[in-house]
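Please open the model in your viewer and keep the sequence panel beside it. The stops below each begin with a selection and then say what is to be found there.

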Amino acid sequence: MESTDKLTDTNAILAYLYETFPLCFIAEGETKPLKIGLFQDLAEKLADDSKVSKTQLRVALRRYTSSWRYLKGVKPGAQRIDLNGVECGELEQEHIDHAQATLKESQEKAKAKRLAVAAKNPAKKPARPAKKAAAKPQVKKERAPAKVAPVVELVPAKLEELKQKQRVNIKLGQNPVSGVITDINKEDVHVQLDTGLTVKVRVEHILL
């Protein structure tokens, strides 16, 4: 049976939208502008779905439409789409101007934030050790290099490396979501997320 637990994490809700409306909500790459009033269509479609609430849907939709990749897709010649991916009207110039201004402002804020963090934490030269009182000469022992904890970096998986019941990470939005492989069908991999939601993704979206 499908889990009926209500989703509260925005990334999990976006993953659910990517799975339920794949022609409208695009998980990777360039997105398309959404139909005006799409939230109402979405709320009506999911009215009987116990997984999501209108409030959480609104938050997830706002996250999706304020992302840089979405704002970059609001450009001249682009067509708005509905939940089924059907084109339903060309963008108006004022909407294009607003998206470009919002993108520029967001990028400038991100840059300013990075500069502020860098200014607060300038690279410091290591302090010189205090001079010790003269002592009997000793034979210096070479110190073993300090052990540094390895940095775990997620790398794209290969199909032949994957198997059922294997824990993996899925690229959904900005943060990977963890889950367990339940089935592998050629290049389509079914993964049950830790949230209880099951998604079907291509192997290139899986990280190990």
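## Helices and their buried faces

In this predicted model, begin by selecting helix α3, whose buried residues pack against α1, α2 and α4 (68-73). The buried residues to display in α3 are L57, A60, L61 and Y64. Viewed down the axis of α3, these buried residues fall within an arc of 100°, so they line one face of the helix. Turn to the other side of α3, and you will find T55 and R62 exposed. The length of the helix can be checked as well: the twelve residues of α3 should span 16 Å at 1.5 Å a residue, and the C-alpha atoms at its ends are 16 Å apart, which agrees.

Next select helix α2, residues 38-45, and show L38, F39, L42 and A43, which are its buried residues. Looking down the axis of α2, you will see that they fall within an arc of 135°, so they line one face of the helix. An α-helix has 3.6 residues a turn, so residues three or four places apart point the same way. The buried residues of α2 pack against α1, α3 (54-65) and β1 (79-81), whereas E44 and K45, on the other side of α2, are exposed.

## The core

Which residues have the most contacts inside the largest nonpolar core? Select F25, L34, V191 and L193, which hold that place in a core of 47 residues. Helix α1, residues 10-20, supplies the largest share of this core, with seven residues. In soluble globular proteins, nonpolar side chains tend to be buried together.

Stay with L193 and display its surroundings: setting aside residues up to four places away in sequence, L193 touches A15, I170, L172, V177, S178, G179 and V199.

## Strand β5 and its two partners

Now select strand β5, residues 188-193, and compare its two faces: V189, V191 and L193 make up the covered face, while D188, H190 and Q192 make up the uncovered one. In a regular strand the side chains alternate between the two faces of the sheet.

Add strand β4, residues 177-185, which runs antiparallel to β5 and is joined to β5 by six bridges. Across this pairing, I181 stands opposite V191. The two strands form a hairpin with two residues between them, and K186 in the turn has a positive phi of about 60°.

Then add strand β6, residues 198-202, which pairs with β5 in the antiparallel sense over five bridges. Here V191 stands opposite V199. β5 and β6 also form a hairpin, with four residues between them, and G196 in its turn has a positive phi of about 105°.

## The loop between α5 and β3

For the last stop, go to the loop between α5 (93-120) and β3 (167-170), and select K165. This residue is not a glycine, yet K165 has a positive phi of about 70°. Most residues other than glycine have a negative phi, and most peptide bonds are trans. K165 is exposed, with a relative accessible area of 74%.

Finally, select Q164, which lies in the loop between α5 and β3. Q164 counts as partly exposed, at 48% relative accessibility. Where does the chain meet Q164 beyond its neighbours within four places in sequence? Show I181, T182, D183 and I184, with which Q164 is in contact. The C-alpha atoms of Q164 and D183 are separated by 5.9 Å, although these residues are 19 residues apart along the chain.

Conventions. Residues numbered from 1 in each chain as written. Predicted model: local features only at pLDDT ≥ 70, side-chain atom pairs only at ≥ 80, totals over all residues. Heavy atoms only, no water. Core = buried A, V, L, I, M, F, W, Y, C linked by side-chain atoms within 4.5 Å. Buried < 20%, exposed > 50% of the residue type's maximum accessible area, 1.4 Å probe, protein only. Contact = heavy atoms within 4.5 Å. Arc of directions from axis to C-beta. Pairing = 2+ DSSP bridges. Expected span 1.5 Å × (residues − 1).
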